[in-house]
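I sat down with this chain and a cup of coffee, and kept notes as I went. Here is what I looked up, entry by entry.

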Amino acid sequence: MIFIQSKNEGFRRAGVAHTKAGKEFPADFFTADQMKRLKADPMLSVVMMPDPEKAPAPKPKPAPKPKPKPTPRPRAKGKK
């Protein structure tokens with residue numbers, strides 16, 4: 001996955017009008033030459049993101065440990 005954000009709204013490169021908000025593209029959307037030019041363009045921010053379908057599944061979080069039960073305090077002698 002590729003995320004591209006432009007400094008100017010509607011800035012065009014590689015046949016696409018890029019936005020300030022940015023947009024995600026599939027990893028194979030642009031050719032190798034286009035990617036080289038996109039990454040080199042100072043008007044664009046290009047970030048390669050892991051593909052969610054190919055990314056490893058997140059590890060499950062360990063279950064929280066149970067809180068220890070408070071120990072009862074001994075009663076003072078002479079009091080009921």
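**Entry 1: Strand pairings**

I started with β1 and found that I4 has V46 in β5 as its bridge partner. A reminder to myself: this is a predicted model.

Further along, S6 stands opposite L44 in β5. In total, β1 and β5 are joined by 5 bridges and run antiparallel.

Next I checked β4. I2 of β1 has F25 as its bridge partner there, and the β1–β4 pairing is antiparallel too, over 3 bridges.

Putting the strands in order, I get an open sheet of 3 strands, β4-β1-β5, with antiparallel pairing. β4 (23-25) and β5 (44-48) are at the edges with a single partner strand each, so each has one side without a neighbour in the sheet. I also looked up the twist: neighbouring strands are turned by 25° against each other on average, ignoring direction.

**Entry 2: The whole chain**

I stepped back to list the elements. The chain has 1 helix and 5 strands, and from the N terminus the order is β-β-β-β-α-β.

How much of the chain is buried? Of the 80 residues, 15% are buried.

For the surface I noted about 7,300 Å² accessible, with 59% of that belonging to carbon and sulfur atoms.

I was curious about long-range contacts as well. Among contacts with a separation of 6 or more, 48% are between residues 24 or more positions apart.

**Entry 3: Helix over sheet, and the core**

α1 lies across β1 and β5, and runs at about 125° to β5.

Which residues of β1 are on its covered face? I2, I4 and S6 are, while F3 and Q5 are on the uncovered one.

Then I went for the core. The largest nonpolar core has 9 residues: I2, I4, F11, V16, F25, F30, M35, L38 and L44. β1 (2-6) and α1 (32-40) each supply at least two of them. As background, nonpolar side chains tend to be buried together in soluble globular proteins.

I picked V16 from that list and looked up its contacts. Leaving out residues up to four places away in sequence, V16 touches F11, F25, F29 and F30.

**Entry 4: M35**

My next core residue was M35, which sits in helix α1. Is M35 buried or exposed? The relative accessible area is 11%, and the cut-off for buried is under 20%, so M35 counts as buried.

Which residues does M35 contact beyond its neighbours within four places in sequence? I found I2, F30, V46 and M48.

I2 caught my eye here. M35 and I2 are 33 residues apart in sequence, and their C-alpha atoms are 9.7 Å apart in space.

**Entry 5: S6**

Back to strand β1, where S6 lies. S6 is buried, at 6% relative accessible area.

What does the side chain of S6 reach? It reaches the backbone oxygen of N8, at 2.5 Å.

Not counting residues up to four places away in sequence, S6 touches F11, H18, T19, K20, M43 and L44. L44 was already in my notes as the residue opposite S6 in β5.

**Entry 6: H18**

H18 was in the S6 contact list, and I followed it up. H18 is in strand β3, and it is buried, with a relative accessible area of 2%.

Where does the side chain of H18 find a polar contact? A polar atom of that side chain lies 3.1 Å from the backbone oxygen of R13.

The contact list of H18, again without residues up to four places away in sequence, runs to I4, S6, N8, E9, G10, F11, R13, F25, F30, L38 and L44. I went back to the core list with this one, and I4, F11, F25, F30, L38 and L44 are among the core residues.

**Entry 7: A14**

Last stop was the loop between β2 (11-13) and β3 (16-18), where A14 lies. I noted a positive phi of about 60° for A14, although it is not a glycine.

Its relative accessible area is 28%, and A14 is therefore partly exposed.

Terms used
Residues numbered from 1 in each chain as written. Predicted model: local features only at pLDDT ≥ 70, side-chain atom pairs only at ≥ 80, totals over all residues. Heavy atoms only, no water. Core = buried A, V, L, I, M, F, W, Y, C linked by side-chain atoms within 4.5 Å. Buried < 20%, exposed > 50% of the residue type's maximum accessible area, 1.4 Å probe, protein only. Helix = DSSP H or I, 4+ residues; strand = E, 2+ residues; numbered from the N terminus. Contact = heavy atoms within 4.5 Å. Polar contact = N/O pair within 3.5 Å; in protein donor to acceptor, adjacent residues only side chain to side chain. Pairing = 2+ DSSP bridges. Axes fitted to C-alpha atoms, helices over the stretch in contact; angles between N-to-C directions. Areas by Shrake-Rupley, 256 points an atom, 1.4 Å probe, with all protein chains shown as cover.
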